[in-house]
Amino acid sequence: MNIGIDKINFYVPKFYVDMAKLAEARQVDPNKFLIGIGQTEMAVSPVNQDIVSMGANAAKDIITDEDKKKIGMVIVATESAIDSAKAAAVQVHHLLGIQPFARCFEMKEACYAATPAIQLAKDYLANRPEEKVLVIASDTALYGLQSGGEPTQGAGAVAMMISHNPSILQLNDDAVAYTEDVYDFWRPTGHAYPLVDGALSKDAYIRSFQHSWNEYAKRENTSLADFESLCFHVPFTKMGKKALESIIDDADETTQERLRAGYEDAVYYNRYVGNIYTGSLYLSLISLLENHKLSSGQTIGLFSYGSGSVGEFFSANVVDGYQNHLDIEGHQSALKQRNEVSVEDYETFFKRFDELEFDEQQDKVENDQSIFYLKAINDNIREYHVPE
Ligand code: COA
């Protein structure tokens, strides 16, 4: 059955902090952030972009009136929930004006949840050839000012339309998931920031990747040479590279060279955005599709990882003419046109986001009427601006 990603788009807030300047402010050698972690810029979220508005912003440019009639399910994957009961998908469904007879819900397993959302969408569509599913991965990655995880923060959302006869990627029936109960990163209810054992999280990620990949290669009787490129969950660009390097010696030299070059193209956008948790793998996929030369039918391997932990390796094939369904120029200019904020301003943004503190003067500058944004919170009810 031919089901996969028909449309894909991302949204990131229009502010960023320069990682070299953050390093200086934290009295760290800038090369630790730039090379050791592999991040150049980090998206900074204003108080008026939450997981709902970012998700709606990622979806609004790919969703047509025809789609709104055909979407039977909206799933928001997130680990930055703004409510413990009401699903962000319900608000996204409303903001986008999707037909009312739809299932809407939220999924959670750290950075992994968008992947089971896609697999669920694929299974759901198997018996519903006319329907579509909107999958959104939306997160604000916050570890705290001056914390160990601070250089691996970020914010953003990725929206994907899953359908029959997709225009971009056909998903294969080969996913292998690997679950291991580990406390590498978790956020107990009520905690503003996650608890994280950084060294353990790196080890757990690599172990999960190796188990998922080895089992996948055994079941599918395949090798690295069969892949044009691999995409990874990218909490920071050095992480996926470490995972790739941990198995690359099994491949011939040509394959090694190809996979290493593909990896650099696949993390290009992530290097300038930072960690967007559930959306990181899919931002990396967009980066690969838009910055790497691919041909129809080629196979891409994807590794998804969520601390706690669940990993999953699966594959997809490139669809002929996929380039015509991407917004390469729009994405590159959206990244270039962001505003740099000083470390001092980043700290102010951070505190305002944390404390949900709106600032009339600053918000006038931030509010772009052409996008969704959070206008106010009254009686614990979030009100959003809806673009014309
Ligand atoms: N120049 C170049 N590289 C440098 C450097 C310098 N001056 N100083 C340090 N480095 C390198 C280190 O050698 C290390 O590389 P390695 O991992 O290849 O050995 C890297 O920079 C990071 O250094 P480390 O000491 O591990 O940093 P840290 O203790 O500050 O922790 C994280 C880094 C990513 C673990 C931390 O930011 C974190 O906990 N992030 C959140 C959790 C996370 O993202 N986990 C990923 C899996 S989900």
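Helices (H or I, at least four residues) and strands (E, at least two) are DSSP runs, numbered from the N terminus. The exercises below use these names throughout. The model is a predicted one, in which local features need pLDDT of at least 70 and side-chain atom pairs count only at pLDDT 80 or more, while totals for chains, interfaces and linings use all residues. Residues are numbered from 1 along each chain as its sequence is written, and side-chain values use heavy atoms, with hydrogens and water left out.

**Exercise 1.** Find where Gly148 is placed, and decide whether Gly148 is buried or exposed.

*Solution.* Start with the record: UniProt, in an unreviewed entry, lists Gly148 under "binding site". UniProt positions are given in the numbering used here, feature names are shortened, and annotations may be inferred rather than shown by experiment. Next, locate the residue, which is found in the loop between β6 and β7 (154–164). Finally, apply the accessibility classes, where buried means under 20% relative accessible area, exposed over 50%, and partly exposed in between (1.4 Å probe, protein chains only). Because its relative accessibility is 74%, Gly148 counts as exposed.

**Exercise 2.** Describe the surroundings of Glu79 and Cys111, which the UniProt annotation "active site" covers.

*Solution.* According to the unreviewed UniProt entry, the "active site" annotation covers Glu79, Cys111 and His233. First take Glu79, which is found in the loop between β4 (71–77) and α5 (88–96) and is buried, because its relative accessible area is 13%. Then take Cys111, whose place is in the loop between β5 (103–107) and α6 (114–126); with a relative accessible area of 9%, Cys111 is buried. For the last step, contact means heavy atoms within 4.5 Å. Not counting residues up to four places away in sequence, Glu79 touches several residues, among them Cys111, Asp139 and Arg187. With its neighbours within four places in sequence left aside, Cys111 is in contact with residues including Glu79, His233 and Tyr305.

**Exercise 3.** Work out how domain 1 and domain 2 meet.

*Solution.* Begin with the bounds, which come from an automatic or database domain assignment: domain 1 is given as 3–169 + 325–385, and domain 2 as 172–322. The C-alpha centres of domain 1 and domain 2 lie 20 Å apart, and the contact takes 60 residues from domain 1 and 50 residues from domain 2. Now turn to buried area, which is the accessible area (1.4 Å probe) that two parts lose on being put together, summed over both. Domain 1 and domain 2 bury about 4,200 Å² between them, with 60% of it on carbon and sulfur atoms.

**Exercise 4.** State which parts of the chain the salt bridges of Lys21, Arg26 and Asp67 link.

*Solution.* Side chains of opposite charge can pair when their charged atoms come close. The rule used here calls a pair a salt bridge when a side-chain nitrogen of Lys or Arg is within 4 Å of a carboxyl oxygen of Asp or Glu, and by this rule the count comes to 20 salt bridges. In the first pair to examine, Lys21 and Glu340 have their closest N and O atoms 2.8 Å apart. This pair links distant parts of the chain, with Lys21 in helix α1 (residues 19–25) and Glu340 in strand β15 (residues 339–340), 319 residues apart.

Next comes the salt bridge of Arg26 with Glu150, in which the closest N and O atoms are 2.7 Å apart. Arg26 lies in the loop between α1 and α2 (30–37) and Glu150 in the loop between β6 and β7, so the pair ties together parts that are 124 residues apart in sequence. Arg26 is buried at a relative accessible area of 16%, and Glu150 also counts as buried, at 2%.

Last, Asp67 forms a salt bridge with Lys132, the closest N and O atoms being 2.7 Å apart. Since Asp67 lies in helix α4 (residues 65–70) and Lys132 in strand β6, the pair ties together parts that are 65 residues apart in sequence. Salt bridges that share partners join Lys7, Asp67 and Lys132 into one network.
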